[in-house]
Amino acid sequence: MRACAAGFIALTTLPFIAPGAIARAADRLTGPAIDGYGPAGRASRAGMACAIAAALLHGAARAQTPRQPDPAIAQAVSQVSPDRLRATDERLVAFGTRNTFSETSPAGRGVFAARDWIAGQFRAIAAGTGGRMTVALDEYVQHADGKRVPRDVKISSVVATLRGDEPGGRTYVMSSHYDSRNTDDADGTRDAPGADDNGSGTAAVLEAARVLAGTHPHATIVFATYDAEEQGLFGSAHHAAALRAAGADVQGDLNNDIIGASAGDRGPTDAGFVRIFSEALPAGADPHRINRLGSENDSPSRELARFAHDVGRLYVPGLDGRLVYRADRFLRGGDQESFTAAGFPAIRFVEPVETFAHQHQDVRVEGGVQYGDLERFMDFAYLAQVTRYNVAVLAALAQGPGRPARAWVSTKELTNDTTLGWTPVAGAARYEVARRRTTDALWTDTTDAGQATGVTLPYSKDDWIFGVRAVDSQGRAGVAAYPAPQR
Ligand SMILES: [Zn+2]
């Protein structure tokens with residue numbers, strides 16, 4: 001207990017800690033008022049006071065140290081190849097159309113020819129993983145609805161799963177849709193090249209699977225290329241519902257859809273950023289309660305977006321992740337919404353500025369304007385940057401610790417400090433409490449809470465927003481959990 005004693009001694013020199021603060025904090029954390037407290041909550045009062053003291057000491061004495069890149073993750077990021085991305089995208093375009101209703105096209109053309117090729121690519125990647133990666137089709141028949149589905153049609157998505165080595169089934173998904181469309185979303189005959197929408201995302205998912213197949217993640221990574229996004233997110237909705245029904249612990253979906261062009265309607269633009277969309281209110285949330293708490297900017301998806309921003313900056317400094325506080329763009333949606341609808345955190349990557357003449361359009365020249373989603377509008381150096389960003393975020397998620405299943409802030413009494421608790425996270429060496437002012441977009445400060453699963457901080461819960469995250473023995477941090485009030 002020498003560290004504990006040192007903690008108490010040092011605390012006497014810290015001006016912000018009132019006499020008795022540690023004992024009061026221990027009372028709060030071990031008392032019956034906080035329901036469902038984890039194993040640490042059943043520890044002795046003395047032990048808890050010790051842990052809290054240590055956390056207070058660390059928080060006060062340690063400056064926030066910038067995280068260092070993990071060499072294994074940096075290595076995976078460095079293997080992303082713009083040439084392979086180009087080759088994949090060209091191959092996908094060469095199927096002529098990948099419209100969901102092109103499934104009975106002649107050999108070499110259509111959505112199922114593309115599906116079979118994608119599955120073959122995944123199988124070739126999986127062959128080098130000693131059985132850790134498996135490839136499957138997620139299929140069902142979507143029945144005619146008299147609207148966007150004029151006839152019964154088989155939906156067939158390709159899903160590759162790289163199994164993690166930890167128990168518990170923690171899972172992350174990198175998704176895209178491989179189907180395409182032209183002006184008529186039920187036209188299975190005429191060309192729909194879909195180079196950017198969404199050959200780009202499909203190429204990124206295949207490339208990420210390639211460079212991560214050689215790694216040994218702790219969590220399971222699912223690489224998904226969905227069918228029938230263009231008819232209403234059907235493929236992803238079916239898969240997300242299946243994951244939910246199977247009880248999968250999906251802690252994040254990174255959806256990639258239209259990520260391959262750096263020049264948009266406004267001409268060449270700053271290619272130094274990618275947009276990251278995330279929803280405000282999670283499925284089933286009570287907007288009145290969220291309004292009262294001021295937690296409208298802290299959905300699990302938003303915390304995932306912040307995590308992606310921080311990790312991306314560390315590993316791909318040339319590409320800024322620009323957070324957009326919206327589920328998606330106006331008049332548009334994406335497969336990430338199937339995950340949020342199923343109760344899983346999800347974000348969507350989109351290129352900086354879109355060209356709407358290239359999306360969902362018949363290939364044609366009209367009024368001197370080239371319409372259609374053609375290869376020549378792609379920027380594979382840019383697509384490689386977005387792919388690197390995804391690889392870094394996926395690897396950091398799967399190699400690092402998960403987020404606390406539950407975190408809470410004690411609102412039992414009126415105080416000007418903040419007492420937090422959280423459930424333990426497997427693989428955590430310690431915990432951090434991130435915080436920001438209510439008007440800030442990103443975390444600005446961090447306090448090291450040591451190994452305790454609770455801490456009292458000398459910052460008012462009325463003025464700050466907190467997030468609790470686990471850190472492993474290598475210094476890799478997980479996604480922050482927003483602490484819910486608990487009386
Ligand atoms: Zn799309």
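Which residue in β5 is the bridge partner of Val173? Let's work towards that and several other puzzles together.

**Before you start**

This is a predicted model, in which local features need pLDDT of at least 70, side-chain atom pairs count only at pLDDT 80 or more, and totals for chains, interfaces and linings use all residues. Residue numbers start from 1 along each chain, following the sequence as written.

**Exercise 1. Find the partner of Val173 in β5, and describe the surroundings of strand β3.**

Step 1. Helices (H or I, at least four residues) and strands (E, at least two) are DSSP runs, numbered from the N terminus. Two strands pair if DSSP finds at least two bridges between them.

Step 2. Strand β3 (residues 170-177) pairs with strand β5 (residues 249-256) in the parallel sense, over six bridges. Within this pairing, the bridge partner of Val173 is Asp253.

Step 3. Now look at strand β4 (residues 220-226): seven bridges join it to β3, and the two run parallel. Here Ser176 of the pairing stands opposite Thr225.

Step 4. For burial, count C-beta atoms, placed from the backbone: a residue is buried if 20 or more others lie within 10 Å of its own, exposed if 12 or fewer, and partly exposed in between. By that rule, eight of the eight residues of β3 are buried. Arg170, Tyr172, Met174 and Ser176 cover one side, while Thr171, Val173, Ser175 and His177 are on the other.

**Exercise 2. Describe the largest nonpolar core and say where it lies.**

Step 1. A nonpolar core is a set of buried Ala, Val, Leu, Ile, Met, Phe, Trp, Tyr and Cys residues joined through C-beta atoms within 7 Å. In soluble globular proteins, nonpolar side chains tend to be buried together.

Step 2. The largest core here has 112 residues, and those with the most contacts inside it include Ala208, Leu212 and Leu394. Helix α12 (residues 380-399) gives the most to this core, with 14 residues.

Step 3. Domain bounds come from an automatic or database domain assignment. Domain 1 (2-60 + 406-486) and domain 2 (71-399) both give residues to the core, so the core lies between them.

Step 4. Zoom in on Leu212. Two residues are in contact if their C-beta atoms, placed from the backbone, lie within 7 Å. Setting aside neighbours within four places in sequence, the contacts of Leu212 include Ala76, Ile221 and Leu394.

Step 5. Check α12 itself: 19 of its 20 residues are buried. The helix reaches 28 Å from its first C-alpha to its last, close to the 28 Å expected at 1.5 Å a residue (the expected span is 1.5 Å times one less than the number of residues).

**Exercise 3. Place Arg436 in its sheet and decide: is Arg436 buried, partly exposed or exposed?**

Step 1. Arg436 belongs to strand β15. An open sheet of three strands has the order β16-β15-β18, with antiparallel pairing. Its edge strands are β16 (445-450) and β18, each pairing on one side only.

Step 2. Eight bridges join β15 (residues 430-437) to β18. In β18, Ile465 is the bridge partner of Arg436, and Ala470 stands opposite Tyr431.

Step 3. Count the neighbours: Arg436 has 18 other C-beta atoms within 10 Å, so Arg436 is partly exposed. Beyond four places in sequence, its contacts are Leu442, Trp443, Thr444, Trp464 and Ile465.

Step 4. Compare the burial of β18 (residues 464-471): seven of its eight residues are buried, so the strand is largely enclosed by the rest of the structure.

**Exercise 4. Is Thr340 buried or exposed, and which residues does Thr340 touch?**

Step 1. Find Thr340 in helix α11 (residues 336-341).

Step 2. Thr340 has 23 other C-beta atoms within 10 Å, so Thr340 is buried.

Step 3. Not counting residues up to four places away in sequence, Thr340 touches Glu279, Pro282, Ala283, Ser301 and Ala346.

**Exercise 5. Step back: how many helices and strands are in the chain, and what share of residues is buried?**

Step 1. The chain has 12 helices and 19 strands.

Step 2. Of its 487 residues, 51% count as buried.

Step 3. Among contacts with a separation of 6 or more, 78% are between residues 24 or more positions apart.
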